Amino acid sequence: MFAPVRILQVGELNSLIRADLEEDPDLQDVYVEAEIGNCTKSAAGHRYLTLKDARSGQAEQAVIKAVLF
């Protein structure tokens, strides 16, 4: 049997992620070392970029999309 599909609103998902980040001691006071890629500047002055694993040789490179306002 499959578990029922759970559909969340964006705010609900954000609340769940925020709770995890605030409650998990491994996710508090974290620094990230990454390579910046695909950096673009919008007409409004925002920067869009990706943070990529700098380590080579991994089968799949991890990527986080980010924006600076």
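**Notebook: sheet, loop and surface patch**

I began with strand 2 (residues 47-52) and found it joined to strand 3 by 6 bridges, the two running antiparallel. The model is a predicted one. I then looked up a pairing for Tyr48 and found its bridge partner in strand 3 to be Val67.

Next I took the sheet as a whole. I noted an open sheet of 3 strands, ordered 1-2-3, with antiparallel pairing. Which strands stand at the edges? I found strand 1 (35-41) and strand 3 (63-68) there; each has a single partner strand, so one side of each lacks a neighbour in the sheet. I recorded an average twist of 20 degrees from one strand to the next.

I moved on to Gly45, which I placed in the loop between strand 1 and strand 2. Its relative accessible area is 35%, and I therefore entered Gly45 as partly exposed, since that class runs between the 20% and 50% limits. I also checked Gly45 against Leu68: the C-alpha atoms are 9.0 Å apart, while the two residues are 23 apart in sequence.

Last, I looked at the surface. I found a nonpolar patch of about 670 Å², made by Leu8, Leu13, Leu16, Ile17, Leu21, Leu27, Val30 and Val32. From this patch I picked out Leu21, which lies in helix 1 (residues 10-23). Is Leu21 partly exposed or exposed? I entered Leu21 as partly exposed, because its relative accessibility is 44%.

Definitions and conventions. Residues are numbered from 1 along each chain as its sequence is written. This is a predicted model: local features need pLDDT of at least 70, side-chain atom pairs count only at pLDDT 80 or more; totals for chains, interfaces and linings use all residues. Side-chain values use heavy atoms; hydrogens and water are left out. Patches are made of residues with over 30% relative accessible area and no salt bridge: like charges are joined within 9 Å, nonpolar side chains (Val, Leu, Ile, Met, Phe, Trp, Tyr) within 5 Å. Accessible areas come from the Shrake-Rupley method with a 1.4 Å probe; for residues, only the protein chains shown count as cover. A salt bridge is a side-chain nitrogen of Lys or Arg within 4 Å of a carboxyl oxygen of Asp or Glu. Helices (H or I, at least four residues) and strands (E, at least two) are DSSP runs, numbered from the N terminus. Buried means under 20% relative accessible area, exposed over 50%, partly exposed in between (1.4 Å probe, protein chains only). Two strands pair if DSSP finds at least two bridges between them. Axes are lines fitted to C-alpha atoms, for helices over the stretch in contact, and angles run from 0 to 180 degrees between N-to-C directions.
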